[in-house]
Amino acid sequence: MHREDWKWMCGRYSIPKARSERRETTTQERATQQRSMNFPATLELSIGDVRMPFSDEVKYSILGISVCLFLVAIIILVWQLYRYCLQKPTTQEMLNGLLCTEDKSTKKGMFNSDIQRPRFKVERQHEEARRLSRCLSPGSSQLEQGSLEPDGLAEQDRPEELVQGSLRFSLLYDELQSRLVVTVLEARGLPRRGFSQSVDPFVRMRVLRVSPEDDPPSATPPLHRVLHEWQSRLVKDSTNPTFGDQFACTLAEDDVPHITVRLEVRDFDKYSRHGILGEVRAPLGGLNISYPLEILEDLKAPKKDPVGEVLLSLKYLPTSQRLEVGILKVRTLSQSTSKHKALYARISVVCNQCKLRHQKTTVKTRWEVTVFNEVMTFMLPDPHIIECSIVVSVYEVGSNKKSPKHLIGQVTLGKDKRSEDEHWILMMRSLRQPIAKWHLLFV
């Protein structure tokens, strides 16, 4: 068979096979297209046939509750935005206030160029605001009454309590040796204090000398010079303690008529400031103490003695809510000016008997008039500045850093603080202007 015949026969038998295969492929494609066209219709029917198993009343109730919750959320959001806009001043106002303070500080003023001004930090503003809100709460004043000063000089702000008890002591002046001898013998009928109903008494003594010739014209009461200071031993849990401590000091005979011995009976407190049970004063001018003289006297309400003066300046900036307290000069009466003694001042902001914050000045060598010229800045919100007060304490330290500090005197500034109230009122009337005034230091 020729090659051409063979090819013709192969082609004849292969054509029907190819046609059958094409038919099968066409059939499969049509089936696939039909399934793809029918699937969306089926799906559409199934979604349309879905029904929630709730009645129309339940559906409308759920819709109404959702709308109410949405409206409540919108009202809360609007109220919070309104409070935020009222409490926080705008950025432009704060910038204007800062620019005004910078312009005024560059002008001529009463301060020198060596005034130290602390940096303004935003983080401390928030801390002091939170601390101020806690201290302004009604319950904080009773819980933190003992957080002012460990020396117990804030008793003058509290109402006077009934003083009970008596103190027996003896005085002797040796003319040959020019020595004053003070002996603390005993105390009787002391009251119990605190929740524990116990008392741990001790006696603190000060030898004071009135110096009328040293008084400046501005000071009405005469200043006192603290010559010596002692403290007796502690007797625990006793209302009738026996001390038997003896103290002596050198004293010129000409100074004896101007000397007053002040004895304070105090209650020791380990975790707070010591309480004062009462005091006894013995002026030596009218006493014959050439021989030992025993004195039994009832305790009286304690009083403070002026021992120096401090020149303070106050300035309040309402826009930036800052209070600037300037320590300019401190005048004290000391035995002798020594380069081994130094002074520093501590300024505390107190609100409801709760100390918010304090700052210290640099240590200066003690002279009769010690110059500081330093300014301390405190953040105080405008509505709360009326309820706060400023406590300025002056301490004496030695040249050695490890030497203990000794309180020289203290003064409290604020509303309803008697003579110091005038300075506070002048500051509130003259905003953004420093007001300087002399104040007495009490001990």
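A salt bridge here is a side-chain nitrogen of Lys or Arg within 4 Å of a carboxyl oxygen of Asp or Glu. Keep that cut-off at hand for the exercises below, and remember that the model is predicted.

**Exercise 1. Decide what links Arg-168 and Glu-186, and where each residue sits.**

Step 1: Start with the distance. The side chains of the two residues come to 3.0 Å, N to O. The cut-off is 4 Å, so Arg-168 and Glu-186 form a salt bridge.

Step 2: Place the partners. Arg-168 belongs to strand E1 (residues 166-174), and Glu-186 to strand E2 (residues 179-188). They are 18 residues apart, and the pair links distant parts of the chain.

Step 3: Check the surroundings. Buried means under 20% relative accessible area. Glu-186 has 15% relative accessibility, so Glu-186 counts as buried. Arg-168, at 24%, counts as partly exposed.

**Exercise 2. Work out where Arg-192 and Asp-237 lie, and whether each is buried or partly exposed.**

Step 1: Arg-192 and Asp-237 meet through their side chains in a salt bridge of 3.3 Å, N to O.

Step 2: Both ends lie in loops: Arg-192 between E2 and strand E3 (201-210), Asp-237 between strand E4 (224-231) and strand E5 (242-250). The separation is 45 residues.

Step 3: Arg-192 is partly exposed because its relative accessibility is 42%. Asp-237 is partly exposed too, with a relative accessible area of 48%.

**Exercise 3. Place Arg-209 and Asp-255, then look at the salt bridges of the whole structure.**

Step 1: The side chains of Arg-209 and Asp-255 form a salt bridge at 3.4 Å, N to O.

Step 2: Arg-209 is in strand E3, while Asp-255 is in the loop between E5 and strand E6 (259-267). The two are 46 residues apart.

Step 3: With a relative accessible area of 14%, Arg-209 is buried. Asp-255 has 22%, so Asp-255 is partly exposed.

Step 4: Now widen the view. A search of the whole structure gives 19 salt bridges. There is also a network of salt bridges, whose members include Arg-206, Glu-229, Arg-262 and Asp-305.

**Exercise 4. Find the strands that pair with E10, and decide how enclosed E10 is.**

Step 1: Take E9 (residues 306-317). 10 bridges join strand E9 to E10, and the two run antiparallel. Glu-309 stands opposite Arg-331 in E10.

Step 2: Look at the connection. E9 and E10 form a hairpin with 4 residues between them. In the turn, Gln-321 has a positive phi of about 55°.

Step 3: Turn to E14 (residues 369-379). E10 and E14 are joined by 9 bridges and run antiparallel. Here Lys-329 has Val-371 of E14 as its bridge partner.

Step 4: Judge the burial. Of the 11 residues of strand E10 (residues 322-332), 10 are buried, so E10 is largely enclosed by the rest of the structure.

**Exercise 5. Describe the surroundings of Gln-433.**

Step 1: Gln-433 lies in the loop between helix H6 (420-429) and strand E17 (435-442).

Step 2: Compare sequence with space. Gln-433 and Ser-313 are 120 residues apart in sequence, yet 9.6 Å apart in space, C-alpha to C-alpha.

Step 3: List the contacts. Leaving aside neighbours within four places in sequence, Gln-433 is in contact with Leu-314 and Lys-315.

Step 4: Finish with accessibility. Gln-433 counts as partly exposed because its relative accessibility is 46%.

Conventions. Residues are numbered from 1 along each chain as its sequence is written. This is a predicted model: local features need pLDDT of at least 70, side-chain atom pairs count only at pLDDT 80 or more; totals for chains, interfaces and linings use all residues. Side-chain values use heavy atoms; hydrogens and water are left out. Buried means under 20% relative accessible area, exposed over 50%, partly exposed in between (1.4 Å probe, protein chains only). Contact means heavy atoms within 4.5 Å. Two strands pair if DSSP finds at least two bridges between them.
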